[in-house]
Amino acid sequence: MLTGGTTDNERRPDMADQESVLSELLKRPRRRTSIKMAADPNQAARLAELRDELGELKQTIRRDAGWTDKIAEKTAEVDEFVDTIEVWEFIFESVGSQAIEQLEAKHPPTAKQQAEHRAENGNDTRLTTNPETFPQVLLAATMTGIVKPGETETSPPLTFDEIKVLFASEAWTQNDKVRMFWRAREADATTTQMLIGDLGND
């Protein structure tokens, strides 16, 4: 009896075509992200001060005579200062959820770390990774290159041992390391979904 429906054979894709689709999916470029750090941390601090000053001007003198000129002058000062700053750029690429899960499994939190975390954040919270080792391992796994200050060519990434030395140094602040870790984590944590509405085509 004919029902007008689709048979299993009609629904089953051609294996060669299916393998071709999978092959194309696997060729997609890895998600890339990077973070720029001032070569001189004091310049980064000064830039933050200038931007704060600019923000205060926009809030306090909007109704004063000539306020647009003052804003333009401060904006130009900020832009000129930005041009003098040299930066280190650290480049990261995604490694995939499976690789991330394997790294997490190899670096679980210690009982002491878990207890300290719960004491500070509540018994219903828990650490999923070792906060002392996992960030360094993740950076080593995802870092693909470094652009030195004043250069355009990409140098090789740091090794795990080199990252350990970097984390132990006084040249890089704790917040520098935290921001570097989260930017590396972002390579795998951020979705690449494209919403038509976001593209202005709704």
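Here are a few notes on two pockets and one strand in this predicted model.

1. Let's start with the largest pocket, which holds about 590 Å³ of space. It is lined by 21 residues, and those closest to its centre are Lys36, Met37, Ala38, Ala44 and Asp176. If you want to find the spot in the viewer, those five names are a good place to click.

2. Which elements give two or more residues to that lining? They are β1 (32-38), α3 (41-60), β2 (87-93) and α9 (174-189). The largest share comes from α3, with 5 residues.

3. What about the kinds of residue around the largest pocket? Sorted by class, its lining has 14 nonpolar, 2 polar and 5 charged residues.

4. Now for the second largest pocket, with a volume of about 340 Å³. Here 15 residues form the lining, and Thr129, Pro131, Pro135, Phe181 and Trp182 are the closest to the centre. Two elements, α7 (134-142) and α9, each give two or more residues to this lining.

5. Keep an eye on α9. This helix gives the most to the lining of the second largest pocket, 6 residues, and α9 is also among the elements that give two or more residues to the lining of the largest pocket. By class, the second largest pocket is lined by 8 nonpolar, 3 polar and 4 charged residues.

6. Next, have a look at β1, where the side chains alternate. On one face you'll find Thr33, Ile35 and Met37, which are buried. Arg32, Ser34, Lys36 and Ala38 point to the other face and are not buried. Two of the names from point 1 can be told apart this way: Met37 sits on the buried face, whereas Lys36 points to the other.

7. How is β1 joined to β2? The two strands run antiparallel, with 7 bridges between them. To see one place where they face each other, find Ala38, which stands opposite Val87 in β2.

8. Last, zoom in on Thr33, which has its place in strand β1. Is Thr33 buried or exposed? Its relative accessibility is 7%, and buried means under 20%, so Thr33 counts as buried. Leaving out residues up to four places away in sequence, Thr33 touches Phe90, Ile91, Phe92, Arg183, Glu186 and Ala187. Try showing those side chains together with Thr33 to see the contacts for yourself.

Technical notes. Residues numbered from 1 in each chain as written. Predicted model: local features only at pLDDT ≥ 70, side-chain atom pairs only at ≥ 80, totals over all residues. Heavy atoms only, no water. 1 Å grid on protein atoms, 1.4 Å probe; cavity = no way out; pocket = protein on both sides within 12 Å on 5 of 7 lines; lining within 4 Å. Points joined across faces, edges and corners; volume = space filled by probe spheres on them. Helix = DSSP H or I, 4+ residues; strand = E, 2+ residues; numbered from the N terminus. Nonpolar A, V, L, I, M, F, W, Y, C, P; charged D, E, K, R; others polar. Buried < 20%, exposed > 50% of the residue type's maximum accessible area, 1.4 Å probe, protein only. Pairing = 2+ DSSP bridges. Contact = heavy atoms within 4.5 Å.
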